Amino acid sequence: MKKLISIILLTSSVSIAQSAGSSGLSFLKFGFGARNIAMGDAGSVASNDLSALFYNPARLNSVEMNEVMFMHNEWMQDVRSEVGGIKWNMFSLPWAVGFNVTSVSDIEVREIPGEPVSTFNANYFFMSLSSGFTVINDLDFGASIKYLYEGLLNDQANGIGFDFGLNYKTPVTGLTASTVIKNIGSMNALRNEETKLPADFRLGSSYQFSVESAKLDIIAAAEFQKYLDADDIRFNLGGDIIYDQLLALRAGYQTGYESRGFTAGLGIMWGSLRFDYAFMPFSLGLGNAHLFSLQFKF
């Protein structure tokens, strides 16, 4: 009898992204940097460090220092990710390399209904190279190229994806507008069919201001998001309050998801080091996600 493989990837299609149409590779929808995720994943307009390589490479032009960052994601249903990157300046341009290693463990294999005969892991990976430059005045452009890999049981596939973004510093001090289109590309066939990339369009703005008397820096961000292969529209909202460049409190909200909405987190800064934590609760009995990232500037 031909084997029937029971693969229940709730985290890929429901709990993580609520399925972007018929696309796959849902790990590409995972955010980078606990700060961005705590702010409702509004990273295309709120990322202010090397995490912009994932959200909007145009925003790398505003990152002055060299940086390295690592993030560990503990999702639910045995999904784990290790994400990292490094940013540096060369030839008067910002450059950034990033990676994401995601695994889904203990997927069950059955020949007939009943006890599984074995288990296996699904593995996903990407590595990216990003850069950007100023087009004119306060308008920045950025682009990323990504090598993609997926392995499922005995089948493997790879492909290439591209991201393109713009970031505009408006005449209003502290107000920026950003847009990006991500995951444009294709994969080789995984056994008989190519996996479709979750092409993602985002548009929004962020506003940053200070309250010097209270030693506070405040950032508010809002973005429109649409997966091109899906009909639904989402909005990501987030805020970041930083006290004396030492402690940050964050919160956010995402619309359009059945199993998630509010996000929260905090950050602790000490010289060139920054530790960030994000908490993402899920409904429908799916549990909670905890995300940790560590950043060093040099």
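**Figure 1. Asp41, a buried residue with a positive phi.** In this predicted model, Asp41 has a relative accessibility of 6%, so it counts as buried, the cut-off being under 20%. You'll find Asp41 in the loop between α2 (34–38) and α3. Its backbone is worth a look too: phi of Asp41 is near 60 degrees, a positive value in a residue other than glycine. For context, most residues other than glycine have a negative phi. Asp41 also turns up in Figure 2, as one of the residues lining the largest cavity.

**Figure 2. The largest cavity and its lining.** Searching the whole structure turns up three cavities of 30 Å³ or more. The largest cavity holds about 60 Å³ of space. Ten residues line the largest cavity, and those nearest its centre are Gly31, Asp41, Trp75, Arg260 and Met280. What kinds of residue make up the lining of the largest cavity? Five are nonpolar, two are polar and three are charged.

**Figure 3. Arg191, an exposed residue with a positive phi.** Arg191 sits in the loop between β9 (189–190) and β10 (193–194). Phi of Arg191 is near 65 degrees, again a positive value in a residue other than glycine. Is Arg191 buried or exposed? Its relative accessibility is 55%, so Arg191 counts as exposed, the cut-off being over 50%. Asp41, by comparison, counts as buried.

**Figure 4. The salt bridge between Asp49 and Arg274.** Side chains of opposite charge can pair when their charged atoms come close. Here Asp49 pairs with Arg274 in a salt bridge, with 2.8 Å between the closest N and O atoms. Asp49 is in the loop between α3 (43–46) and α4 (52–55), while Arg274 belongs to strand β16 (residues 273–281), so this pair ties together parts that are 225 residues apart in sequence. Both ends are tucked away: Asp49 is buried, at a relative accessible area of 2%, and Arg274 is buried as well, at 11%.

**Figure 5. Asp276 and Arg250, a salt bridge from strand to strand.** The side chains of Asp276 and Arg250 form a salt bridge, at 2.7 Å from N to O. Asp276 lies in strand β16 and Arg250 in strand β14 (residues 247–254), so the pair links parts that are 26 residues apart in sequence. Asp276 and Arg250 are both buried. Which residues do salt bridges with shared partners join into one network? They are Arg35, Asp49, Asp240, Arg250, Arg274 and Asp276. That puts the Asp49 and Arg274 pair of Figure 4 in the network as well.

**Figure 6. Asp200 and Arg202, a buried pair.** Asp200 and Arg202 make a salt bridge whose closest N and O atoms are 3.2 Å apart. Both residues are buried. How many salt bridges does the structure hold? The count is 13.

**Figure 7. The whole protein, to put the close-ups in place.** The protein has four helices and 17 strands. Of its 298 residues, 48% count as buried, Asp49 being one of them. Among contacts in the protein with a separation of 6 or more, 50% come from residues 24 or more positions apart. On the outside, the protein exposes about 13800 Å², and carbon and sulfur atoms supply 62% of that area.

How values were computed
Residues are numbered from 1 along each chain as its sequence is written. This is a predicted model: local features need pLDDT of at least 70, side-chain atom pairs count only at pLDDT 80 or more; totals for chains, interfaces and linings use all residues. Side-chain values use heavy atoms; hydrogens and water are left out. Helices (H or I, at least four residues) and strands (E, at least two) are DSSP runs, numbered from the N terminus. Buried means under 20% relative accessible area, exposed over 50%, partly exposed in between (1.4 Å probe, protein chains only). Contact means heavy atoms within 4.5 Å. Accessible areas come from the Shrake-Rupley method with a 1.4 Å probe; for residues, only the protein chains shown count as cover. On a 1 Å grid over the protein atoms alone, a cavity is a set of points where a 1.4 Å probe fits but cannot get out, and a pocket is an open set with protein on both sides within 12 Å along at least five of seven lines; lining residues have an atom within 4 Å of a point. Grid points are joined across faces, edges and corners, and a volume is the space filled by probe spheres set on the points. Ala, Val, Leu, Ile, Met, Phe, Trp, Tyr, Cys and Pro count as nonpolar, Asp, Glu, Lys and Arg as charged, and the others, Gly among them, as polar.
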